[in-house]
Amino acid sequence: MTTSGPSDRPDRGTERQNWIERRREKIRAEVDRNRRGDYTVPTWVLALALALIVGGWLALIFLA
């Protein structure tokens, strides 16, 4: 019978902590960019705005 020691498997606590630290750093970087004015509008917001404009325009043409 063989038992797996701590060296046989990765430490899940450390892995999770590293993931949390990377996530926090990404959030900090995004906040810093936004404070500098380097923010961008998400693509889905632009697509939604375009769809609303085109839909309104088509409604004016066909319903007028």
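This report describes the helices, salt bridges and surface of a predicted protein model.

## Overall structure

The secondary structure of this protein consists of two helices and zero strands. The chain has 64 residues, and 0% of them count as buried. A residue is called buried when its relative accessible area is under 20%.

The protein exposes about 6400 Å². Carbon and sulfur atoms supply 60% of that area.

## Helix α1

Helix α1 covers residues 12–36, which amounts to 25 residues. The expected span of a helix is 1.5 Å times one less than its number of residues, so helix α1 should span 36 Å. The C-alpha atoms at its two ends are indeed 36 Å apart, in agreement with that expectation.

The residue that follows α1 is G37. The phi angle of G37 is positive, near 90°.

## Salt bridges in helix α1

How many salt bridges does the structure hold? There are two. In one of them, R24 pairs with E21, and the closest N and O atoms lie 3.4 Å apart. In the other, R28 pairs with E25, with 3.5 Å between the closest N and O atoms. Both distances satisfy the cut-off, because a salt bridge requires a side-chain nitrogen of Lys or Arg within 4 Å of a carboxyl oxygen of Asp or Glu.

The positions of the partners along the helix are also informative. R24 and E21 are three residues apart in helix α1, and therefore about one helical turn separates them. R28 and E25 also both lie in helix α1, three residues apart, or about one turn of the helix. An α-helix has 3.6 residues a turn, so residues three or four places apart point the same way.

Are these partners buried, partly exposed or exposed? R24 counts as partly exposed because its relative accessibility is 44%, and E21 is partly exposed at 37%. R28 likewise has a relative accessibility of 44% and counts as partly exposed, while E25 is partly exposed with a relative accessible area of 46%.

## Helix α2 and the nonpolar patch

Helix α2 comprises residues 43–63, and L60 is found in it. Since exposed means over 50% relative accessible area, L60 counts as exposed at 60% relative accessibility.

L60 also belongs to a nonpolar patch on the surface. The patch is formed by L50, V54, W57, L58, L60, I61, F62 and L63. Together, these residues have about 950 Å² of accessible area.

How values were computed:
Residues numbered from 1 in each chain as written. Predicted model: local features only at pLDDT ≥ 70, side-chain atom pairs only at ≥ 80, totals over all residues. Heavy atoms only, no water. Patch = residues over 30% accessible without salt bridge, like charges linked within 9 Å, V, L, I, M, F, W, Y side chains within 5 Å. Areas by Shrake-Rupley, 256 points an atom, 1.4 Å probe, with all protein chains shown as cover. Helix = DSSP H or I, 4+ residues; strand = E, 2+ residues; numbered from the N terminus. Buried < 20%, exposed > 50% of the residue type's maximum accessible area, 1.4 Å probe, protein only.
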